[in-house]
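This report describes the strand arrangement, the charged pairs and selected residue environments of the structure shown below.

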Amino acid sequence: MARLVLLSEGFTGRTFELKTEKTTVGRVSDNAFEIPEASVSSHHAELTLKGNELHIKDLGSTNGTFINGEKVMEGVVKPGQILRLGMIEMRLETADPVAAAAASKKVQTLDQTRVIPQGVKLDELEGTRTPLDFGKSGFEKKDNKGTKTFVTLVIIIGLVLLGALFWVLVAN
């Protein structure tokens with residue numbers, strides 16, 4: 001049984017089994033395969049399943065129909081190839097794993113697992129200080145000399161003002 005597996009964010013993993021010979025795809029609910037996304041036209045394309053191949057016909061969509069990145073008005077999608085309607089990508093899969101494996105080897109797909117470098121680990125940074133570090137890591141407690149000076153000045157000025165107020169009240 002052939003099926004389309006959606007690959008785009010927000011739809012990842014969603015599948016549609018191609019059970020009938022002809023299927024319509026679009027944004028509105030009267031399509032057999034509804035994809036509620038703004039870049040998909042209301043009646044985007046017509047799909048016809050013939051064996052392991054999926055024949056597609058664009059129905060005058062606004063954002064186009066693409067097979068492996070090439071814009072088509074009509075075309076054939078083979079197992080493992082990427083079909084894009086607007087901004088939504090999907091892959092054709094069949095029950096025949098040999099055909100799908102052969103097609104995916106010919107086509108470089110975007111959903112293949114990739115190793116993403118993690119960056120530098122903290123233990124790898126030990127002993128790599130530069131002369132500008134001055135032996136500090138940036139996480140030491142900051143010096144409070146400025147705060148202590150400010151608080152001392154505020155207390156002195158407050159006492160002077162209280163003394164002046166007391167002198168003015170007692171003198172009168």
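## The five-stranded sheet

In this predicted model, five strands form an open sheet in the order 4-3-5-6-9, and their pairing is mixed. Strand 4 (33-34) and strand 9 (74-77) occupy the edges; each has a single partner strand, so one side of each is left without a neighbour in the sheet.

At one of these edges, strand 9 is joined to strand 6 (residues 53-58) by four bridges, and the two run antiparallel. Within this pairing, Leu54 stands opposite Val77 of strand 9. Strands of a sheet pair through backbone hydrogen bonds, in either a parallel or an antiparallel manner.

## Asp58, a buried acidic residue

Asp58 belongs to strand 6. Asp58 is buried but has no salt bridge. The nearest side chain of opposite charge is that of Lys71, at 7.0 Å, whereas a salt bridge requires the nitrogen and the carboxyl oxygen to lie within 4 Å.

Other polar groups do meet the side chain of Asp58. The backbone nitrogen of Gly60 is reached at 2.8 Å, and the side chain of Ser61 makes a polar contact with that of Asp58 at 2.6 Å. When residues up to four places away in sequence are not counted, Asp58 touches His44, Ala45, Gly64, Thr65, Val72 and Met73.

## Strands 7, 10, 11 and 1

A further set of antiparallel pairings involves strand 10 (residues 82-85). Three bridges join strand 10 to strand 7 (residues 65-67) in the antiparallel sense, with Phe66 opposite Arg84. Strand 10 also pairs with strand 11 (residues 88-93), again antiparallel, over four bridges. In that pairing, Leu83 faces Met90 of strand 11, and Arg84 stands opposite Glu89. Strand 11 in turn pairs with strand 1 in the antiparallel sense, also over four bridges.

Strands 10 and 11 form a hairpin with two residues between them. Gly86, in the turn of this hairpin, has a positive phi of about 65°.

## Burial of strands 10 and 11

In a regular strand, side chains alternate between the two faces of the sheet. Strand 10 is covered on both faces: Ile82 and Arg84 on one side, and Leu83 and Leu85 on the other, are all buried. Strand 11 is mostly covered, five of its six residues being buried.

## The environment of Phe66

Phe66 is found in strand 7. With a relative accessible area of 13%, Phe66 is buried. Leaving aside neighbours within four places in sequence, the contacts of Phe66 are Lys71, Ile82, Leu83 and Arg84. Arg84 is thus both a contact of Phe66 and the residue opposite Phe66 in strand 10.

Phe66 can also be placed relative to strand 9. Phe66 and Val77 are eleven residues apart in sequence, and their C-alpha atoms are 9.7 Å apart in space.

## Salt bridges

The model contains three salt bridges. One joins the side chains of Arg3 and Glu93, with an N to O distance of 2.8 Å. This pair links distant parts of the chain, with Arg3 in strand 1 (residues 3-6) and Glu93 in strand 11, 90 residues apart. Arg3 and Glu93 are also bridge partners in the pairing of their strands. Arg3 is partly exposed, at a relative accessible area of 31%, whereas Glu93 counts as buried at 19% relative accessibility.

Glu93 also meets Arg91 in a salt bridge, at 2.6 Å from N to O. Arg91 counts as buried, with 15% relative accessibility. Through shared partners, salt bridges join Arg3, Arg91 and Glu93 into one network.

Glu46 forms a salt bridge with Lys22, and the closest N and O atoms are 3.7 Å apart. Glu46 lies in strand 5 (residues 45-50) and Lys22 in strand 3 (residues 22-26), so the pair ties together parts that are 24 residues apart in sequence. Glu46 is partly exposed, with a relative accessible area of 23%.

How values were computed: Residues numbered from 1 in each chain as written. Predicted model: local features only at pLDDT ≥ 70, side-chain atom pairs only at ≥ 80, totals over all residues. Heavy atoms only, no water. Pairing = 2+ DSSP bridges. Buried < 20%, exposed > 50% of the residue type's maximum accessible area, 1.4 Å probe, protein only. Lys, Arg positive; Asp, Glu negative; His and termini not counted. Polar contact = N/O pair within 3.5 Å; in protein donor to acceptor, adjacent residues only side chain to side chain. Contact = heavy atoms within 4.5 Å.
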